[in-house]
Amino acid sequence: KRLVLVDLWAPWCGPCRMVAPILEKLSNEFTSTLKVVKVNVDESPQIAQQYQARSIPMLLFMRDGELVDTVIGAQPEHVLRARIEQLS
C-alpha cells in the first residue's frame, strides 16, 4: 500500500545523478510510506517506452500499480518532499 516512486534514469545523465542522493534521503526518511525503485532506461528501454520517457530523470509516482503523478527533470528536495507528502 506504500507509494512507489519509479526513477527512470541513466548513468550518463547529469541531472539524474543530482537527483539520486535526494531520492535516497527521502527514501530513508519516508520508509513506511514510500518505496523508491530505480530503472536504468538503457537497460530497460521497454519501460521507458511504455511511459513515453522522452526526458530523464522522469519520476513516476504509483499507487496500487496505477500511475498517480509524474515529475520530469531534476527537482529540488523541497519540491519532491512536498509531492511525496501530498500523495502519501
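Two strands count as paired here if DSSP finds at least two bridges between them, and with that in mind I would like to begin with strand E1 of this model, which, I should say at once, is a predicted one.

Strand E1 and strand E2 pair in the parallel sense, and seven bridges join them. Within that pairing, Val6 stands opposite Val37 in E2. Between these two strands the chain passes through helix H1, and the β-α-β crossover that results, from E1 through H1 to E2, is right-handed. E1 has another partner in E3, to which five bridges join it, and here the two strands run antiparallel. On that side, Asp7 is the residue that stands opposite Leu59 in E3. As for its surroundings, five of the seven residues of E1 are buried, so the strand is largely enclosed by the rest of the structure.

Let me stay with Asp7 for a moment, and turn from the backbone to the side chains. The structure holds five salt bridges, and one of them is formed by Asp7 with Lys38, with 2.9 Å between the closest N and O atoms. This pair links distant parts of the chain, since Asp7 belongs to strand E1 and Lys38 to strand E2, 31 residues apart. Are the two partners buried or exposed? Asp7 has a relative accessible area of 1% and is therefore buried, the cut-off for that word being under 20%, whereas Lys38, at 44% relative accessibility, counts as partly exposed.

Now to helix H3, which spans residues 77–87 and in which Leu80, Arg81, Ile84 and Leu87 are buried. Why do these four lie on the same side of H3? They cover an arc of only 140° around the axis, and that is what places them together on one side of the helix. The face turned away from this buried side carries the exposed residues His78 and Gln86. If you look for what covers the buried residues of H3, you will find, among other elements, strand E1 (3–9) and helix H1 (14–29), together with strands E2 (34–40), E3 (58–63) and E4 (66–72).

H3 also takes part in salt bridges, and I would like to take these in order. Glu77 forms one with Lys25, in which the closest N and O atoms are 3.1 Å apart. Because Glu77 lies in helix H3 and Lys25 in helix H1, this pair ties together parts that are 52 residues apart in sequence. Both partners are partly exposed, Glu77 with a relative accessible area of 22% and Lys25 with one of 43%.

Glu77 meets a further side chain, that of Arg81, in a salt bridge with an N to O distance of 2.4 Å. In contrast to the pair I have just described, Arg81 and Glu77 both lie in helix H3, where they are four residues apart, or about one turn of the helix. Arg81 is one of the buried residues of H3 that I listed earlier, and its relative accessibility is 18%.

Which residues, then, make up the network of salt bridges? They are Lys25, Glu29, Glu77 and Arg81, which are linked with one another in that network. I will stop there, and we can go back to the structure for any of these residues.

Technical notes
Residues are numbered from 1 along each chain as its sequence is written. This is a predicted model: local features need pLDDT of at least 70, side-chain atom pairs count only at pLDDT 80 or more; totals for chains, interfaces and linings use all residues. Side-chain values use heavy atoms; hydrogens and water are left out. Buried means under 20% relative accessible area, exposed over 50%, partly exposed in between (1.4 Å probe, protein chains only). The arc is that of the directions from the helix axis to the C-beta atoms. Contact means heavy atoms within 4.5 Å. A salt bridge is a side-chain nitrogen of Lys or Arg within 4 Å of a carboxyl oxygen of Asp or Glu. A crossover is right-handed if, with the strands pointing away from the viewer, the path from the first strand over the helix to the second runs clockwise.
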